[in-house]
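Work through these exercises with the structure open beside you. Try each task before you read its solution.

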Amino acid sequence: MQARKKYVLLALCACCWLLLFYWGGLQERLLGLLTLTRRPGEVLRPWPDWLDRALLPPYAELGELQLGGGPGESPRQRRQTWAGVYKGSRCRMETCFDFSRCRGREGFRVYVYPPEKGDRVSESYRKILTSVTESRYYTADPREACLFVLGIDTLDRDQLSAQFVPDVDDRIRGYPLWNDGRNHVIFNLYSGTWPNYTEDLGFRVGQAILAKASLNVEHFRPGFDVSIPLFSKEHPQKGGERGWLLRNTVPPRRKHLLMFKGKRYLTGIGSDTRNALHHIHNGKDIVSLTTCRHGKDWEKHKDARCDHDNQEYERFDYQELLHNSTFCLVPRGRRLGSFRFLESLQAACIPVLLSNGWELPFSEVIQWNQAVIEGDERLLLQVPSTVRAVGFDRVLALRQRTQMLWEAYFSSVDKIVLTTLEIIKDRVYSHISRNKFMWNSLPGGLLILPEYSTHLAHYPFYYLNLGISPGQEFTAVIHATSPLVSQSQPIMKLLQVVSKSKYCSQIIIVWNSEKPPPPRSKWPPMPVPLTVTDGRRKTSSRFLPHVAIETEAVLSLEEDTVLLTNEVNFAFNVWRSFPERIVGYPPRSHFWDPVKKVWGYTSKWTNEYSIVLTGAAFYHRYYHHLFSQYLPSSLRTMVDRMSNCEDILMNFLVSSATHLPPIKVAQRKQYKDVPVPQSTKTAPWANPEHFSQRQECVNAFASWFGYMPLVHSQFRLDPVLFKDHVSVLRKRYKDLERA
């Protein structure tokens, strides 16, 4: 009997525990429901955010580490703010993007809403809109558009800013194409306002893609939003400055190991991290300087350290520190992003990030662990020992990657905007998109067009990485503008010379004469296939991606070029060692005129050159695709209108992709332009306006690229034993030395 009572008592205790557990959990859920449905005006005590204090250093305050909110902000307020910004918080491309708009004949096209009368547009947003409208994706017809960009300036959503545009929500809802933001991309640099600087934009984003700086990983919608860098209004529209790393030094250490120089916030969000930076400053190899002398009321809030910090701050020059530091601290500011990030990349000063929760720019495609070191705001004192432990080889690799990323994606507003568009385009056409290797190796994702191919081995930039060599045949493309009236014309001899090369696979003649091409019977018999294609009297047609070109190498020739078969063979063998460059014979050069402040063009034969004319040159066939698809139609139209400069434009394009000069090979000393027979059309170079047009072209091309991509060189490749006083029997290309 006692045993029975004992078991009953134990069962009752177990039931009580189960009831307590059940009702306790239910009450918690009911409390959550009541909080969501409380009456207007009713104030409930907010629940705290529980964090483990034991894991945090003593200088980190609990309230300051609450993600996404400021002092006194409740979880419900943060949820409301977050929901207001991201109505489609679960948006993905599959659920919030209309792919059918991108499947038409027009493909990926971007429409920009026209500005409304009286709209204020900031300088930075004007640059963004200019980048879109001048891109190859722009369309003025919204019916053709796959993607839409607002004409309203949404960059600065700080209500205290002079650039803040009110009533955005009401205005965009009146757009017939808005459709809750579907297929729209919204650019933003600054969100929220004092004191919390939340990610509130002041209007509902809905299903729009957010291209935003300082994005928090908790609010970032992977595969949908795009994190962009914070850039200043002085950031250049095009081109931009080159990176500061001109040469590698071994060992790669600089004068200072670690540096930071910037503002210190005395109160508010972001102050905690920067207030602690003085702990690592030693004035020797680690320079960490802050100043509280900024803002109107800084003296009212200054603390005991302000005067000493301000005095120490003036001792060092910021640019000198950038040039002479191995690592640069990039702590968060009021928002997660900082101008220091791009400044460090350009200076080849390896960024050390102290911004917990920051979704790094273009993180979807860029492997940032190869360029930066990510620290932890809560473990600031461990940063010096961390950077000291980085080896020389790792420093060199990180530094070189900063330069590659800077020049490929961040040196101009154009590149930032185009990278954003290309990432979205890769999502839309995922079956023909770039892989991570293409995005993270030279020349960068913007110069790799996946419509050409998705295989690395089909591009000239990756042969060395893949351990392969280009093919052993070439296709000759001859540009013909004169009617065929005689069998003694230079083009007839040229056909015989080229076809005798053991490397020649086929010959294509691009016919740009006013008269129709002659029948096949008028052309001489040859051991290789001959194709005549209509160039439609466009000079740029010689660089179109002709379907008939099946070899990797292309030999571009003018109809009046004079070469020997051995010269062709030697140049081709040189090109196989440098497949990403232009390799050829006739050199030209450019120079800067300090008086007129313009670029000049010269044909003088000197030891230095920057252009190899495509009248006799080898290059990879991918550049045909890049020429016709990457360059804007305005430049190709200019070339066709002048019937000039297409060779200069091709040199600009290749040098911008490789950052390398072309390669000149040895040619016969007496090589000259032969006089044109009276029965043929006058050669273009004989036109008095020919030279002045080329001067104009050089400046127009440099303006579009935003900088001068051409690179000077004194490098020339000759055959072994070329011009040496030895027996000709020992020389492979002995014809090159004959008079």
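Two residues are in contact when heavy atoms lie within 4.5 Å of each other. The model used here is predicted.

**Exercise 1. Take stock of the whole protein: how many helices and strands does the protein have, and what share of its residues is buried?**

Step 1. Count the elements. The protein has 21 helices and 21 strands.

Step 2. Look at burial. Of the 739 residues, 53% are buried.

Step 3. Look at the surface. About 36000 Å² is exposed, and carbon and sulfur atoms supply 54% of it.

Step 4. Look at the contacts. Take those with a separation of 6 or more; residues 24 or more positions apart account for 75% of them.

**Exercise 2. Trace the sheet of five strands: in what order do its strands lie, and which are the edge strands?**

Step 1. Read the order. The open sheet runs β1-β2-β3-β4-β5, with parallel pairing.

Step 2. Find the edges. β1 (110–112) and β5 (226–227) each pair on one side only.

Step 3. Check a pair next to an edge. Strand β4 (residues 209–212) runs parallel to β5, and two bridges join them. A211 stands opposite V226 in β5.

Step 4. Check another pair. β2 and β3 also run parallel, over two bridges. F148 has H184 in β3 as its bridge partner.

Step 5. Add the helix. Helix α4 (residues 123–133) lies across β1, β2 (147–149) and β3 (184–188). The angle between α4 and β1 is about 140°.

**Exercise 3. Examine β3: which of its residues are buried on one side and which on the other?**

Step 1. Recall the rule. Side chains in a regular strand alternate between the two faces of the sheet.

Step 2. Sort the residues. H184, I186 and N188 are on one side of β3, and V185 and F187 are on the other.

Step 3. Conclude. Both faces of β3 are covered. Five of the five residues in β3 are buried.

**Exercise 4. Trace the sheet of eight strands: what is its order, and what covers it?**

Step 1. Read the order. This open sheet runs β13-β12-β11-β14-β19-β15-β20-β21, and its pairing is mixed.

Step 2. Find the edges. β13 (530–534) and β21 (716–717) are the edge strands, each pairing on one side only.

Step 3. Check a pair. Strand β12 (residues 504–511) and β13 are parallel, with five bridges between them. W511 stands opposite D534 in β13.

Step 4. Add a helix. Helix α18 (residues 622–629) lies across β14 (553–558) and β19 (616–620). It runs at about 85° to β19.

Step 5. Add another helix. Helix α16 (residues 490–499) is mostly covered, with seven of its ten residues buried. They are I491, M492, L494, L495, V497, V498 and S499. These buried residues pack against β11 (474–480), β12, β13, β14 and α17 (565–577).

**Exercise 5. Compare two helix pairs: at what angles do α12 and α13, and α19 and α21, cross?**

Step 1. Choose the descriptors. Two packed helices are described by the angle and the distance between their axes.

Step 2. Take α12 (residues 392–410) and α13 (residues 413–428). Their axes come within 7 Å and cross at roughly 80°. That makes α12 roughly perpendicular to α13.

Step 3. List the contact. E407, A408, Y409 and F410 in α12 meet K415, I416 and T419 in α13. By class, this contact has four nonpolar, one polar and two charged residues.

Step 4. Take α19 (residues 633–642) and α21 (residues 689–705). Their axes come within 11 Å and cross at roughly 175°. The helices α19 and α21 are therefore roughly antiparallel.

Step 5. List that contact. L635, M638, V639 and M642 in α19 meet Q693, E696, C697, A700, F701 and W704 in α21. Eight of these residues are nonpolar, one is polar and one is charged.

**Exercise 6. Place Y313: is Y313 buried or exposed, and what does Y313 touch?**

Step 1. Locate the residue. Y313 is in helix α8 (residues 306–313).

Step 2. Apply the cut-off. Buried means under 20% relative accessible area. Y313 has 17% relative accessibility, so Y313 counts as buried.

Step 3. List the neighbors. Leaving out residues up to four places away in sequence, Y313 touches K261, G262, L289, T290 and T291.

Step 4. Compare sequence with space. Y313 and L289 are 24 residues apart along the chain, and 5.4 Å separates their C-alpha atoms.

Key. Residues numbered from 1 in each chain as written. Predicted model: local features only at pLDDT ≥ 70, side-chain atom pairs only at ≥ 80, totals over all residues. Heavy atoms only, no water. Axes fitted to C-alpha atoms, helices over the stretch in contact; angles between N-to-C directions. Helix = DSSP H or I, 4+ residues; strand = E, 2+ residues; numbered from the N terminus. Parallel < 35°, antiparallel > 145°, perpendicular 65-115°, else oblique. Nonpolar A, V, L, I, M, F, W, Y, C, P; charged D, E, K, R; others polar. Pairing = 2+ DSSP bridges. Buried < 20%, exposed > 50% of the residue type's maximum accessible area, 1.4 Å probe, protein only. Areas by Shrake-Rupley, 256 points an atom, 1.4 Å probe, with all protein chains shown as cover.
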